[in-house]
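This briefing goes through the structure shown below by topic, for a reader who wants to follow each point in the coordinates. Please keep the viewer open while reading.

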Amino acid sequence: MKNWTKKMKMAVMAGAFAVGLTTFGASADAAAAAEGYPAVEEVRAELGKEAGTIFEIGNPNVNYDKYFTGKTFLAPLANDKIGVANVTFTKGTINHWHIHHGTCQILVGESGRGYYQIWGEEPKEILPGTVVTIPEGTKHWHGAGPNNMMQHLSIMMNGEGVSTEWLEPVSDTELAKLK
């Protein structure tokens, strides 16, 4: 598995940014239509205070609302053998504990300030330029800091046997550790 992860990282370095230059146009109308979501322009302005954004913010991630503490936006950048998505977390939004089966997950911090935590470890910061590899089968969570928005690329293999197992919300005790 280690060799596969290394190959995946190399593929990402060689092509993900070129792939990422092809953006999918997210409409402000889609954000306005999703109940409780801020307008894309508001999100872009807020991210501008925290180093800006280089990819489209995407559309409200309504299909996964139940696995997040707040609102997120999703902009798929590639969805072939390797899925690449830009994920935008509104202030203080994190996802529930979860496990990826059949693939590791690579997170690349783009803007804002966020955190991730692997089960049994302390939370660690995600800043622009931070690259994190979450090994296959590892319980973890990630998202924005309590007072910050955050964007990261999520990079994972697609295919047969690949799935995400969503688990419980992150405890208030763990969240209290975030700055």
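## Surroundings of His140

Beyond the residues within four places of it in sequence, His140 is in contact with His96, Trp97, His98, His100, Gln105, Gln117, Ile118 and Ile134. The model is a predicted one, and the points below should be read with that in mind.

**His140 in detail**

- His140 belongs to strand E9, which spans residues 140-144, and it counts as buried because its relative accessibility is 0%, where the cut-off for buried is under 20%.
- A polar atom of the His140 side chain lies 2.9 Å from the backbone oxygen of Thr138.
- One of the residues that His140 contacts is Ile134, which is on the covered face of strand E8.

**The protein as a whole**

- The protein contains four helices and 11 strands, and of its 179 residues, 46% count as buried.
- Among contacts in the protein with a separation of 6 or more, 71% are made by residues that are 24 or more positions apart.
- The accessible surface comes to about 8,900 Å², and carbon and sulfur atoms account for 55% of that area.

**The six-stranded sheet**

- Six strands form an open sheet in the order E1-E2-E3-E10-E5-E8, and their pairing is antiparallel; its edge strands are E1 (59-60) and E8, each of which pairs on one side only.
- At one edge, E1 is joined by two bridges to the antiparallel strand E2, residues 72-79, and in this pairing Asn59 stands opposite Leu74 of E2.
- At the other edge, four bridges join E8 to strand E5 (residues 105-112), the two running antiparallel, and Ile106 has Thr133 as its bridge partner in E8.
- In a regular strand, side chains alternate between the two faces of the sheet.
- Strand E8 (residues 131-134) has Val132 and Ile134 on its covered face, while Val131 and Thr133 are on the uncovered one.

**Helix H3 and the loop before it**

- The buried residues of helix H3 are Val40, Val43, Glu46 and Leu47; they fall within an arc of 125° when seen down the helix axis, so they line one face of H3.
- An α-helix has 3.6 residues a turn, so residues three or four places apart point the same way.
- Ala39 is found in the loop between helix H2 (28-33) and H3, and it counts as partly exposed because its relative accessibility is 27%.
- Although Ala39 and Pro60 are 21 residues apart in sequence, their C-alpha atoms are 9.5 Å apart in space.

**Salt bridges**

- Side chains of opposite charge can pair when their charged atoms come close, and a search of the whole structure finds nine salt bridges.
- Arg44 forms a salt bridge with Glu56, with the closest N and O atoms 3.8 Å apart; this pair links distant parts of the chain, since Arg44 is in helix H3 (residues 40-48) and Glu56 is in the loop between H3 and E1, 12 residues apart.
- Both residues of that pair are partly exposed, Arg44 with a relative accessibility of 26% and Glu56 with 22%, and Glu41, Arg44 and Glu56 are linked in a network of salt bridges.
- Glu122 forms a salt bridge with Lys177, with the closest N and O atoms 3.4 Å apart; Glu122 is in the loop between strand E6 (114-118) and strand E7 (124-126), whereas Lys177 is in the segment after helix H4 (172-175), and the two are 55 residues apart.
- Glu122 counts as partly exposed at 48% relative accessibility, and Lys177 counts as partly exposed at 38%.
- The side chains of Glu168 and Lys139 meet in a salt bridge of 2.8 Å, N to O; Glu168 lies in the loop between strand E11 (163-166) and H4, and Lys139 in the loop between E8 and E9, so the pair ties together parts that are 29 residues apart in sequence.
- Within this pair, Glu168 counts as partly exposed at 34% relative accessibility, whereas Lys139 is buried, with a relative accessible area of 18%.

Key. Residues are numbered from 1 along each chain as its sequence is written. This is a predicted model: local features need pLDDT of at least 70, side-chain atom pairs count only at pLDDT 80 or more; totals for chains, interfaces and linings use all residues. Side-chain values use heavy atoms; hydrogens and water are left out. Buried means under 20% relative accessible area, exposed over 50%, partly exposed in between (1.4 Å probe, protein chains only). A polar contact is a pair of N or O atoms within 3.5 Å; within protein, one must be able to donate a hydrogen and the other to accept it, and residues adjacent in sequence count only if both atoms are side-chain atoms. Contact means heavy atoms within 4.5 Å. Two strands pair if DSSP finds at least two bridges between them. Accessible areas come from the Shrake-Rupley method with a 1.4 Å probe; for residues, only the protein chains shown count as cover. A salt bridge is a side-chain nitrogen of Lys or Arg within 4 Å of a carboxyl oxygen of Asp or Glu. The arc is that of the directions from the helix axis to the C-beta atoms.
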